[in-house]
Amino acid sequence: MNIPFLSLKDVTALHGAEINEAVTRVVNNGWYLQGKENEKFEADYAQFIGTKYCVGCANGLDALIWIFRAYVEMGVMKPGDEVIVPANTYIATILAITENGLRPVLVEPKLNTLEIDDNLIEGAITPKTKAIAIVHLYGRNAYTYKIGALCKKYNLKLVEDNAQAHGCKHTDGRVTGSIGDAAGHSFYPGKNLGALGDGGAVTTNDPELAAAVRALANYGSQKKYVFKYAGRNSRLDEIQAAVLDVKLKYLIEDNRHRKEVAHRYYECINNPLITLPDLLPDEQNAYHLFPIIVKGKENRDSLHDHLEENGVGTVCHYPIAPHKQECYAKEAWNVPLLSLPITEQLADEELSLPIGPSITMDEVDFVIGLINRFK
């Protein structure tokens with residue numbers, strides 16, 4: 001049996017007729033940037049997330065960059081200020097901070113949740129701290145009331161990296177992406193809500209931030225040929241907006257299938273070498289990924305090879321922790337090299353199993369059988 005980690009061709013085929021119609025419509029309309037397709041998707045996605053504003057941009061990294069850049073332009077932050085961020089994350093979250101001359105303060109995750117440990121955050125706050133960035137990693141809700149209380153106590157901005165959690169909710173019903181002051185979203189093709197190329201968005205209830213982000217992503221211009229900021233070109237094109245608007249209609253349904261797959265994994269994986277993160281209530285996990293923790297790097301790598309040899313694709317998220325990447329080796333905040341044992345353990349032991357809207361339960365059972373027989 002051949003089970004890819006995620007078949008984008010199969011995912012697209014689920015709604016292929018409508019996607020083809022949407023692309024054809026845009027091509028025939030002859031308007032390819034900043035048109036009605038963007039307006040409609042932004043309005044629909046803002047309504048889905050539960051915010052007043054949605055601003056499309058080129059990708060998820062840019063979405064986060066523009067949030068912090070907007071805060072710098074607004075005078076809320078300045079170069080050298082600190083942003084608390086989970087140490088266990090995709091590097092984009094940290095790149096967005098350093099890109100703006102801000103200093104990342106890395107905080108370890110909890111091993112049972114894989115998300116930032118809210119018990120460690122207050123000890124990392126200093127007079128220079130201006131924000132907490134949380135990452136709903138793997139699709140799991142990372143927000144806690146304790147984090148919200150800390151933001152209020154210390155007057156900190158709360159920025160959400162919602163790149164992996166489209167459709168996830170907090171216990172109070174708020175959708176991730178509407179909980180903080182602003183949120184960055186990625187529509188990379190493999191995401192729960194994925195485009196046919198790169199794409200991203202910022203959601204917020206702050207009109208000043210939304211206007212600044214929109215201008216920054218359009219060369220810094222709020223009016224044609226008039227430039228308030230030194231911005232960049234980071235726009236969501238009309239074809240991607242149209243495709244995303246089609247797929248948005250099916251996001252809840254597609255996520256429901258992901259949850260069915262995840263429950264099968266939780267119920268049936270039984271191997272003493274493998275630990276699963278805490279099971280969250282369904283609404284609090286969009287199951288972008290299904291991470292397992294394999295005891296020891298050697299076992300993790302062997303299981304990866306064992307599954308691959310039997311036709312099953314898996315991916316490590318992520319095999320090198322951000323603070324150990326060469327690009328940050330000489331940064332002042334990382335010299336001497338940070339010691340983050342939980343994050344480093346996860347880099348050595350995490351393995352993500354196939355999960356998505358197109359995988360079948362027979363395929364899931366095949367994966368489970370291989371895992372349970374692994375020694």
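Helices α10 (residues 251-268) and α13 (residues 361-373) pack at an angle of about 25 degrees, so they count as roughly parallel to each other. (Under 35 degrees is roughly parallel, over 145 roughly antiparallel, 65 to 115 roughly perpendicular, and the rest oblique.) Their axes are 10 Å apart. An axis here is a line fitted to C-alpha atoms, for helices over the stretch in contact, and angles run from 0 to 180 degrees between N-to-C directions. Helices (H or I, at least four residues) and strands (E, at least two) are DSSP runs numbered from the N terminus.

Before going on: you're looking at a predicted model, where local features need pLDDT of at least 70, side-chain atom pairs count only at pLDDT 80 or more, and totals for chains, interfaces and linings use all residues. Residues are numbered from 1 along each chain as its sequence is written, and side-chain values use heavy atoms, leaving out hydrogens and water.

Back to our helix pair. The crossing of α10 and α13 is right-handed (the near helix is turned clockwise from the far one by less than a right angle; anticlockwise would be left-handed). Which residues in α10 and α13 meet? On the α10 side they are E260, V261, R264, Y265 and C268, and on the α13 side M361, V364, D365, V367, I368 and N372. Contact means heavy atoms within 4.5 Å. By class, that contact has seven nonpolar, one polar and three charged residues. (Ala, Val, Leu, Ile, Met, Phe, Trp, Tyr, Cys and Pro count as nonpolar, Asp, Glu, Lys and Arg as charged, and the others, Gly among them, as polar.)

Now look at α2 (residues 16-29) and α9 (residues 238-248). They pack at about 150 degrees, and that is why they count as roughly antiparallel to each other. On the α2 side the contact is made by E18, I19, A22, V23, R25, V26 and V27, and on the α9 side by E238, I239, A242, V243, V246 and K247. Sorted by class, the residues of this contact are nine nonpolar, no polar and four charged.

A further pair is α4 (residues 60-73) with α5 (residues 92-99). Here L61, L64, I65 and F68 of α4 touch A92, T93, L95, A96, I97 and E99 of α5. This contact has eight nonpolar residues, one polar and one charged.

Here are the three pairs in a table.

| Helix pair | Angle | Axes | Crossing |
|---|---|---|---|
| α10 and α13 | about 25 degrees | 10 Å apart | right-handed |
| α2 and α9 | about 150 degrees | 9 Å apart | right-handed |
| α4 and α5 | roughly 35 degrees | within 8 Å | right-handed |

Next come the sheets. Strands of a sheet pair through backbone hydrogen bonds, either parallel or antiparallel. In this model, two strands pair if DSSP finds at least two bridges between them.

One open sheet has seven strands in the order β1-β7-β6-β5-β4-β2-β3, with mixed pairing. Its edge strands, each pairing on one side only, are β1 (53-57) and β3 (103-107). From one strand to the next, the twist averages 20 degrees. β1 and β7 (residues 200-204) pair in the antiparallel sense over five bridges, and C57 stands opposite G200 in β7. Helix α3 (residues 36-49) lies across β1, β6 (182-186) and β7, at about 125 degrees to β1. Helix α4 also packs on the sheet, touching strands including β2 (82-86), β4 (129-135) and β5 (157-161), and its direction makes about 160 degrees with that of β6.

Another open sheet has three strands, β10-β11-β12 in that order, with antiparallel pairing. Its edges are β10 (274-275) and β12 (350-353). Strand β11 (residues 290-294) pairs with β12 over four bridges, and the bridge partner of P291 is S352 in β12.

What about the chain overall? Its domain assignment (automatic or taken from a database) gives domain 1 (8-245) and domain 2 (250-373). Their C-alpha centres lie 23 Å apart, and the contact takes 40 residues from domain 1 and 38 from domain 2.

Finally, some backbone details. Where is the residue Y318? Y318 lies in the loop between α11 (297-309) and α12 (341-349), and the peptide bond from H317 to Y318 is cis, with omega near 10 degrees. P336 is found in the loop between α11 and α12, and a cis peptide bond with omega of about 0 degrees joins V335 to P336. Y225, in the loop between β8 (221-223) and β9 (226-227), has a positive phi near 70 degrees, and Y225 is a residue other than glycine.
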